[in-house]
Amino acid sequence: MPRDLSTDIDRLTTQLADLRAALAKQASASADEASSYIMPRARQAARQLRHEGYQLSDTARRNPGATTGAIVGALALIAGFAFLLSKAGSDRG
């Protein structure tokens, strides 16, 4: 009886080691697959963002008045939202 138990433990230990190796191999393959899927798309997105940034800065250089107006308008909207939020916060307190 003790021999059978020892044999079973050895067999289970071997199976567990095989399972660990299979899982590690599968995880590595999944990571490689994810990397090969994500990297080209990340490069493409970076190129597109760079291109859009160049276009935006070129437009700002060509139209400084419109750029200044857009910035002032955005700041006014932010100030309005900040005022409304502070007013709502003081009403609660």
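Which residues are linked in a network of salt bridges? In this predicted model, the network joins Asp58, Arg61 and Arg62. The salt bridges come to three in total, and another of these pairs aspartate 8 with arginine 11.

**The network around aspartate 58**

- The side chain of aspartate 58 meets that of arginine 61 in a salt bridge, at 3.9 Å from N to O, and this pair counts because the cut-off is within 4 Å.
- Aspartate 58 also forms a salt bridge with arginine 62, where the N to O distance is 3.3 Å.
- Along helix 1, aspartate 58 and arginine 61 are three residues apart, a separation of about one helical turn, while aspartate 58 and arginine 62 are four residues apart in helix 1, which is likewise given as about one helical turn.
- Aspartate 58 is partly exposed, with a relative accessibility of 27%, whereas arginine 61 is exposed at 61% and arginine 62 is exposed at 64%.

**The pair of aspartate 8 and arginine 11**

- Aspartate 8 and arginine 11 are joined by a salt bridge in which the closest N and O atoms lie 3.2 Å apart.
- Both aspartate 8 and arginine 11 belong to helix 1, which covers residues 2–62, and they sit three residues apart, or about one turn of the helix.
- Aspartate 8 has a relative accessible area of 33% and is partly exposed, and arginine 11, at 44% relative accessibility, also counts as partly exposed.

**Background to the pairing**

- In general, side chains of opposite charge can pair when their charged atoms come close.

Conventions:
Residues are numbered from 1 along each chain as its sequence is written. This is a predicted model: local features need pLDDT of at least 70, side-chain atom pairs count only at pLDDT 80 or more; totals for chains, interfaces and linings use all residues. Side-chain values use heavy atoms; hydrogens and water are left out. Helices (H or I, at least four residues) and strands (E, at least two) are DSSP runs, numbered from the N terminus. Buried means under 20% relative accessible area, exposed over 50%, partly exposed in between (1.4 Å probe, protein chains only).
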